[in-house]
Amino acid sequence: MYFGYMGVRYNETPLSVRELVSFTDSKKTEFFEKMQRIGVKQCIVLSTCNRSEIFFFYPAGRSSTLGEGRGSQPALLYHEDILWDQVYACYAACFPEVDIEEYLQHDQGDEALVYLFRVAAGLESIVLGEDQILGQVVEALEFSQLMGMAGKELNKVVRDVIRCAKRIKEELRISEQPLSISYVGVRRLAEVMEEGRTLFGRRVLVIGSGRTAELALLYLREYGLEKIYVCNRTMRRARELHKQFPELTVVPYEERYQILQKCDVIVSATASPHLVVTCGEYQRQVPGSDGRIRYFLDLAAPRDIDRRLGDLPDVRIIDMDSLQEITEKNQKERERLAEESESLIWEAMAEIKEWFHMSRMDGTIESLQKRCHDIVSDSYAYLNRKLELTGREQKLVKKVLNASLQRLLRDPIQELKHLDTEEEQEEYKAMIQRLFTAERD
């Protein structure tokens, strides 16, 4: 069996090309039909906004263990006669309007399998360690099973890949190192709030209604706020945001200072080239003796909040500079954990290699089991004719015959499963075939 990979991915292919080679379910069905015509019976298609990739097994006639894998292990499922042209033709035929030859990547053996492990664990994603891709791998396998394109080998490999990815996520928790500025900012805000209440029961004003503000609202609402106000230069966009978050109170942008007086927290995330809250206007419109400490979370670049506000005794500011330090630290931690996950991947790889090595003898072992069954059937039929056995005796004789032959075969079968090299396996296969054929002749 030869294991291969081919596809386009975000780091080598522009979005303008990726969006044209997305596999719909009908495209996958068409592709599977083409692959079956060239002899590929096992295949999955992983198609997302960042990749359109195929992983497949090809029952090659001249398999080899050329090349070395990690340590002393041979490379897995390597084949000298790669039919890349045929596989490429199947892929390209699904997208005749796109010239994708320069973008298509392909690999085989250990490299292809390690890449699949890394993809499922989120180690090949734009956001390192993200979780969504694992579910997409599961869906890809389920679709292949539905279409009859997932045989024993593909099921084994992909299920082990999924199991390893889950283990990486559970043990290393890479995705728990947040990289979203909105998430990091809201979490940091909750950490620095005084009185031990964090954000619970507070009033918040959100200035802006773009994607960053939307994400901030999504995270803020989890803290049990008393009230959330939102304002934006364009009221239409603010009202659209209200449809997504009905609990919001939309207020005119021009009234932001008046609303600010009622709030403990101000989150600003606009695309304005100018400050939206200035120190002078704040001091003029907001009483400085109400005893309230206000927290400003500035998620904008350039800044929305006048940095001079930070000099006031009743103001605390969290800006992009401090948040960037946190996200960079988290990114480095994700990278460290990603490196640590490599050992888990190679551990799973070793198990797959052992399974494939042992499975090469499955046909020979099945033939021995069948021969054993034939002998039991013939012997039982002869004894039953000669001895006129009762029903109870028939069951007992059949059971004893089967147990005796199974006991005879048990040690040889274990030896066959644990032969060291493929060459030894082939020698034993030929010997067993010759011995049993001679017996029958």
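This is a walk through the structure above, from the overall make-up to a sheet, its helices and the nonpolar cores.

Keep in mind that you are looking at a predicted model. The protein has 15 helices and twelve strands, and 45% of its 441 residues are buried. Its accessible surface comes to about 23100 Å², with 49% of that belonging to carbon and sulfur atoms. If you count the contacts with a separation of 6 or more, 72% are between residues 24 or more positions apart.

A good place to start is the open sheet of four strands, where the order is 2-3-1-6 and the pairing is antiparallel. Strand 2 and strand 6 stand at the edges with a single partner strand each, so each has one side left without a neighbour in the sheet. From one strand to the next, the twist averages 15°.

Now look at strand 1 and its two partners. Eight bridges join strand 1 to strand 3, and the two run antiparallel; in this pairing Phe3 stands opposite Phe57. Towards strand 6 (residues 105-108), four bridges make the connection, again antiparallel. Here Gly7 stands opposite Gln105, and the bridge partner of Met6 is His106. As for background, the strands of a sheet pair through backbone hydrogen bonds, either parallel or antiparallel.

How much of strand 1 is buried? Eight of its eight residues are. Tyr2, Gly4, Met6 and Val8 point one way from the strand, while Phe3, Tyr5, Gly7 and Arg9 point the other way, and all are buried.

Helices come next. Helix 2 (residues 25-37) lies across strand 2 and strand 3, running at about 150° to strand 2. Helix 5 also packs on the sheet and touches strand 2 and strand 3, its direction making about 140° with that of strand 2.

Within helix 5 (residues 132-146) you can find Ser144. Why does Ser144 count as buried? Its relative accessibility is 0%, which is under the 20% that marks a buried residue. Leaving out residues up to four places away in sequence, Ser144 touches Phe32, Cys43, Ile44, Val45, Met149 and Ala150.

The sheet and helix 5 also lead us to the largest nonpolar core, which has 42 residues. Strand 1, strand 2, strand 3, helix 4 (109-120), helix 5, helix 6 (152-172) and helix 12 (320-359) each give two or more residues to this core. Phe117, Val157 and Ile168 have the most contacts inside the core. Take Val157 as an example: beyond its neighbours within four places in sequence, Val157 is in contact with Phe57, Leu113, Leu116, Ile352 and Phe356. In soluble globular proteins, nonpolar side chains tend to be buried together.

Apart from the largest core lies another, of 29 residues, including Val186, Leu217, Leu220 and Ile228. Helix 8 (residues 211-220) is worth a visit too. Helix 8 is mostly covered, with seven of its ten residues buried: Ala213, Glu214, Leu215, Ala216, Leu217, Tyr219 and Leu220. Among the elements that cover these buried residues are helix 7 (181-192), strand 7 (203-207), strand 8 (227-231), helix 9 (235-244) and strand 10 (265-268).

Note on methods: Residues are numbered from 1 along each chain as its sequence is written. This is a predicted model: local features need pLDDT of at least 70, side-chain atom pairs count only at pLDDT 80 or more; totals for chains, interfaces and linings use all residues. Side-chain values use heavy atoms; hydrogens and water are left out. Buried means under 20% relative accessible area, exposed over 50%, partly exposed in between (1.4 Å probe, protein chains only). Contact means heavy atoms within 4.5 Å. A nonpolar core is a set of buried Ala, Val, Leu, Ile, Met, Phe, Trp, Tyr and Cys residues joined through side-chain atoms within 4.5 Å. Two strands pair if DSSP finds at least two bridges between them. Accessible areas come from the Shrake-Rupley method with a 1.4 Å probe; for residues, only the protein chains shown count as cover. Axes are lines fitted to C-alpha atoms, for helices over the stretch in contact, and angles run from 0 to 180 degrees between N-to-C directions.
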